[in-house]
Amino acid sequence: MTRGRVLRGLGRSGLVLACLAVGAWGALALWFQFPGGTVARGVVILPWCIAGVWALRACFACRRRWRSLAVFAAALALLLGWWATIQPRQDRQWADDVAQPLHARIEGGRLLLDNVRDFHWRGEDDYDVHWERREYDLAQVRSVDLILSYWMGPAIAHTLVSFGFADGRQVVFSLEIRKERGESFSALGGFFRRFEAVLVAADERDIVQVRTSVRGEDVYLYRLHGLDQDGMRALLRDYVAQAQALERAPAFYNTLTSNCTTVVYELMRRIVPTLPLDYRLLLSGYLAEYADDVGGLVPGVPFATLRERGRITQRAREAGDVADFSRRIRQGVPGIAEEHVP
């Protein structure tokens, strides 16, 4: 086989893969974003798929190849033009638990948060709505905990970060999809501008219990190690900046590039610039193992022990709505001395 034939074969293979990737992306983009019902989406997707099939056939043709590819390219240009018109919004009919945007600011040494969520949950559709204003003394921040809530197997977890203060209070930050009423999460839809992003600040009892006791998720808590108070305050300021940015300009949640885990990584990297990239930032269920490998968890304790003793699912279910919820779920968690438990 001559070198020219090899190069032509590689070029044809690359063109086929590109057509397949573009065709699949376009079909999914139309499915998740084109207005109307299933029939309307099908009517639009059909000609797109036909153009894609013609383009694939052209990859193997010797004559008139570029004519079919040009038709597909023109269809792609139209699709991208329509795609560019899809912009995030702040005026939809939001679900109750993400209805109020977080207003966050720092005045002097005080952290001021409006619309901190403090729901009391009895079921997925049975809860007491309560949003409140809270103030925290930044000089009193004492701890940062990583919380992972597993909802779809061992590789996928939702990431939350909880800050503890000397007065015993906890506040949890969570980047989530801003669901509309009646809407549910789709990891695939998260690649296609299906959801806006919202930063939720919540009472720990609320945001942990809705996962353990209502949604049936498995939740783990780890004490982060190596952050001094300046680092903790810097991380809090970054969350404030994130909330303010979303207030100024809404943004889409992206399953790959802008989700609950990647945002935590970007915030932490501002404090520790040498943090390495790792596949476990995408497979968020392994984020705690990554944090342990880079020295972010309690030193000298095997990760298996950290995971076993950090599993708070049952403790959270048993604690219910007690006032010392945060203390109870931390009992036995490595790195948290009992006398210092909030």
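In what sense do strands β6 and β7 pair, and over how many bridges? I looked this up at the start: β6 (residues 141-150) and β7 pair in the antiparallel sense, over 9 bridges. I note that the model is a predicted one.

**Entry: the whole chain**

I took the overall figures next. The protein has 342 residues, and buried residues make up 44% of them. Its secondary structure comes to 10 helices and 10 strands. I read the extent of the C-alpha trace along its principal axes as about 80 × 50 × 40 Å.

**Entry: strand β7 and its partners**

I went back to β7, which covers residues 157-165. In the pairing with β6, I found Ser-149 opposite His-158 of β7. The hairpin of β6 and β7 has 6 residues between the strands, and Gly-153 there takes a positive phi near 80°.

I then checked β7 against strand β8 (residues 170-178). These two also pair in the antiparallel sense, over 4 bridges. Phe-163 stands opposite Val-171 in β8. Between the strands of this hairpin there are 4 residues, and Gly-168 has a positive phi near 95°.

How many of the residues of β7 are buried? I counted 9 of 9, so the strand is mostly covered, where buried means under 20% relative accessible area. I also sorted the residues by direction. Ala-157, Thr-159, Val-161, Phe-163 and Phe-165 point one way from β7. His-158, Leu-160, Ser-162 and Gly-164 point the other way, and the residues of both groups are all buried.

**Entry: helix α5**

I compared the length of α5 (residues 229-248) with what its residue count suggests. At 1.5 Å a residue, its 20 residues should span 28 Å, and the end C-alpha atoms are 29 Å apart, which agrees.

At the start of the helix, I found a side-chain oxygen of Asp-228 within 3.2 Å of the backbone nitrogen of Asp-230. Asp-230 also meets Arg-233, side chain to side chain, in a salt bridge of 2.7 Å, N to O. Both Arg-233 and Asp-230 lie in α5, 3 residues apart, about one turn of the helix. I noted the general rule beside this: an α-helix has 3.6 residues a turn, so residues three or four places apart point the same way.

Is Arg-233 buried or exposed? I list Arg-233 as buried, because its relative accessibility is 15% and the cut-off for buried is under 20%. Other buried residues of α5 include Gly-231, Met-232, Leu-235, Leu-236, Tyr-239 and Val-240.

Ala-241 is found in α5 too. Its relative accessibility is 33%, so I put Ala-241 down as partly exposed. I took one distance from this residue: Ala-241 and Leu-146 are 95 residues apart in sequence and 20 Å apart in space, C-alpha to C-alpha.

**Entry: salt bridges**

How many salt bridges does the count come to? I have 33. As a general point, side chains of opposite charge can pair when their charged atoms come close.

I looked at the pair Arg-330 and Glu-204, whose side chains meet in a salt bridge at 2.6 Å, N to O. This pair links distant parts of the chain, 126 residues apart: Arg-330 is in the segment after α10 (325-329), and Glu-204 is in helix α4 (residues 204-214). Arg-330 is buried, with a relative accessible area of 0%. Glu-204 is buried as well, with a relative accessible area of 1%.

Next I looked up Asp-293, which forms a salt bridge with Arg-280; their closest N and O atoms are 2.7 Å apart. Asp-293 is in helix α7, while Arg-280 is in the loop between α6 and α7, 13 residues apart. Arg-280 counts as buried because its relative accessibility is 9%.

I also found a network of salt bridges that links Arg-105, Glu-107, Arg-110, Asp-114, Arg-133 and Glu-135.

**Entry: a nonpolar surface patch**

Which residues form a nonpolar patch on the surface? I wrote down Leu-188, Phe-191, Leu-256, Tyr-279, Leu-282 and Leu-283, which together have about 550 Å² of accessible area. I followed up Leu-283. It sits in the loop between α6 (260-271) and α7 (287-293). With a relative accessibility of 34%, Leu-283 counts as partly exposed.

Technical notes. Residues are numbered from 1 along each chain as its sequence is written. This is a predicted model: local features need pLDDT of at least 70, side-chain atom pairs count only at pLDDT 80 or more; totals for chains, interfaces and linings use all residues. Side-chain values use heavy atoms; hydrogens and water are left out. Patches are made of residues with over 30% relative accessible area and no salt bridge: like charges are joined within 9 Å, nonpolar side chains (Val, Leu, Ile, Met, Phe, Trp, Tyr) within 5 Å. Accessible areas come from the Shrake-Rupley method with a 1.4 Å probe; for residues, only the protein chains shown count as cover. A salt bridge is a side-chain nitrogen of Lys or Arg within 4 Å of a carboxyl oxygen of Asp or Glu. Buried means under 20% relative accessible area, exposed over 50%, partly exposed in between (1.4 Å probe, protein chains only). Two strands pair if DSSP finds at least two bridges between them. The expected span of a helix is 1.5 Å times one less than its number of residues. A polar contact is a pair of N or O atoms within 3.5 Å; within protein, one must be able to donate a hydrogen and the other to accept it, and residues adjacent in sequence count only if both atoms are side-chain atoms.
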